[in-house]
Amino acid sequence: METALTRLVGVRYPIVQTGMGWVAGPRLVSAAANAGALGILASATMTVDQLRAAVREVRSRTEAPFGVNLRADAGDAAERARLIIDEGVRVASFALAPSRELIARLKDAGVVVIPSIGARRHAEKVAAWGADAVIVQGGEGGGHTGEVATTVLLPQVVDAVDIPVVAAGGFHDGRGLVAALAYGAAGIAMGTRFLLTSDSTVPDAVKAEYLKAGVRDVTVTTAVDGLPHRMLRSDLVASLERAGRTRALARAVRHAARFRRLSGLSWSGMVRDGLAMKHGKELSWSQVLLAANTPMLLKASMVEGRTDLGVMASGQVAGVIEDLPSCAELVGRVMAEARAVLVRLNAPDAPPPPG
Ligand SMILES: Cc1cc2nc3c(=O)[nH]c(=O)nc-3n(C[C@H](O)[C@H](O)[C@H](O)COP(=O)(O)O)c2cc1C
């Protein structure tokens, strides 16, 4: 199935495995790439040296193109962009809108730039700045998320920009892929569905929590870092929501210190990142400080398997996912379902549309 996305990045199928902190490492990314999807490494939770090693590991496991996700507002974004260029990575994916200069530098070096956005005006901005495509995440998507549902946001963005649009938020099967194409998208991007594969390194006990969840067990809270964040409901989320501001800040300071050690950032680097985060947003310093909570609480679950101490970022779609296929099985299944749906829609004896 060829679309503007498969042509742009050179993958077999119009499916993206998105960058997820602590989850989208070399094993998941290379499995997704070998299955014919675009695998994207999450780099915000890696040091620059770890990112270089991860890129080389993916390269040793696959010849297929892949991408790296980075935070456009990170103090060392320019250094990470240079690494992407030097290592010949095909795609740069951004959690927030990158600057016009950063887009130009990457594109001049032949890197395909695909920011993730959650609002039409952001899509219009990055398209005007030269982004090659956008991933549009509707509110049902996992992790930091917006309020507008995919079914409303996607056609809005498709109508607003002339670059390929990849639909994210709530996708898990071939029906969803065909629906996204019908809206005018060039493919789908999935986070939660790829987290729940046998190739993902997330501990089994954590995967079991996702499989157990129903659609109403996925919630949006601002208690972790001050920004709307979609995740599984848990005792931890309830206690964060109950905790007063002072306790939340004390915990954030501890996490900021631990994250500084882990990420190899200096305090001045962290303050620079904080300033960049604040820039142009209505964030207080306490919210900026709380942001260090996210990587640490995500690591506790995604790496250490602590379902009691960690945050389990998740799309609503976790409520309808019940198995752990390999990436090859998943991509094969989605494509087979999509083809079957297209055949059914084209069949002369298909029932007429209602109404
Ligand atoms: C555990 C988890 C971690 C995530 N971490 C990141 C991240 O580091 N950077 C990013 O741009 N998006 C991140 N996201 C959002 C995903 O990349 C993706 O846009 C989202 O999961 C799509 O919605 P879906 O879960 O319904 O497929 C994360 C999502 C999850 C579930």
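Okay, let's start with one small detail: Q17 has G39 as its bridge partner over in β2. Those two residues belong to a pairing between strand β1, residues 15–17, and strand β2, residues 38–42, which go together in the parallel sense over two bridges. Before I go on, please keep in mind that this is a predicted model.

So where do β1 and β2 sit? They're part of a closed barrel of eight strands, and the order is β1-β2-β3-β4-β5-β6-β8-β9, with parallel pairing. On average, neighbouring strands in that sheet are turned by 25° against each other, if you ignore direction.

Let me zoom out for a second. The protein has 355 residues, and 54% of them are buried. You'll find 16 helices and eleven strands in it. And if you take the contacts with a separation of 6 or more, 61% of them are between residues 24 or more positions apart.

Now, you may have noticed that β7 is missing from that barrel order. Which sheet does β7 belong to? It's in an open sheet of three strands, ordered β7-β11-β10, and here the pairing is antiparallel. β7 and β10 are the edge strands, each pairing on one side only.

Let's walk across that one. β7 is residues 143–144, β11 is residues 229–232, and two bridges join them, antiparallel. You can point at both residues of β7 here: G143 is partnered with R230, and H144 with H229. Over on the other side, β10, residues 218–221, is joined to β11 by four bridges, again running antiparallel. V220 is the one standing opposite R230 there. So keep an eye on R230 in your viewer, with G143 as a bridge partner and V220 opposite.

Next up, helices. People describe two packed helices by the angle between their axes and the distance between the axes. Our example is α6, residues 120–128, against α7, residues 150–160: the angle is about 30° and the axes are 9 Å apart. Since anything under 35 degrees counts as roughly parallel, that makes α6 roughly parallel to α7. The crossing of α6 past α7 is right-handed.

Who's actually touching whom? From α6 you've got R120, A123 and E124, and they meet L153, Q156, V157 and A160 of α7. By type, the residues of that contact are four nonpolar, one polar and two charged.

And α7 takes us back to the barrel strands. It lies across β5, β6 and β8, and relative to β8 it runs at about 175°.

Two single residues to finish. Is G110 buried, exposed or something in between? G110 sits in the loop between α5, residues 100–108, and β5. Its relative accessible area is 44%, so G110 is partly exposed. Have a look at R90 as well: it's 20 residues away from G110 along the chain, and their C-alpha atoms are separated by 7.8 Å.

The other one is S301, in helix α15, which covers residues 293–302. S301 is buried, because its relative accessible area is 0%. What is S301 in contact with, leaving aside neighbours within four places in sequence? That would be P203, V206, R306, G310, V311 and M312.

That's my tour, thanks for listening.

Technical notes:
Residues numbered from 1 in each chain as written. Predicted model: local features only at pLDDT ≥ 70, side-chain atom pairs only at ≥ 80, totals over all residues. Heavy atoms only, no water. Axes fitted to C-alpha atoms, helices over the stretch in contact; angles between N-to-C directions. Parallel < 35°, antiparallel > 145°, perpendicular 65-115°, else oblique. Left-handed = near helix turned anticlockwise from the far one by under 90°. Contact = heavy atoms within 4.5 Å. Nonpolar A, V, L, I, M, F, W, Y, C, P; charged D, E, K, R; others polar. Pairing = 2+ DSSP bridges. Buried < 20%, exposed > 50% of the residue type's maximum accessible area, 1.4 Å probe, protein only.
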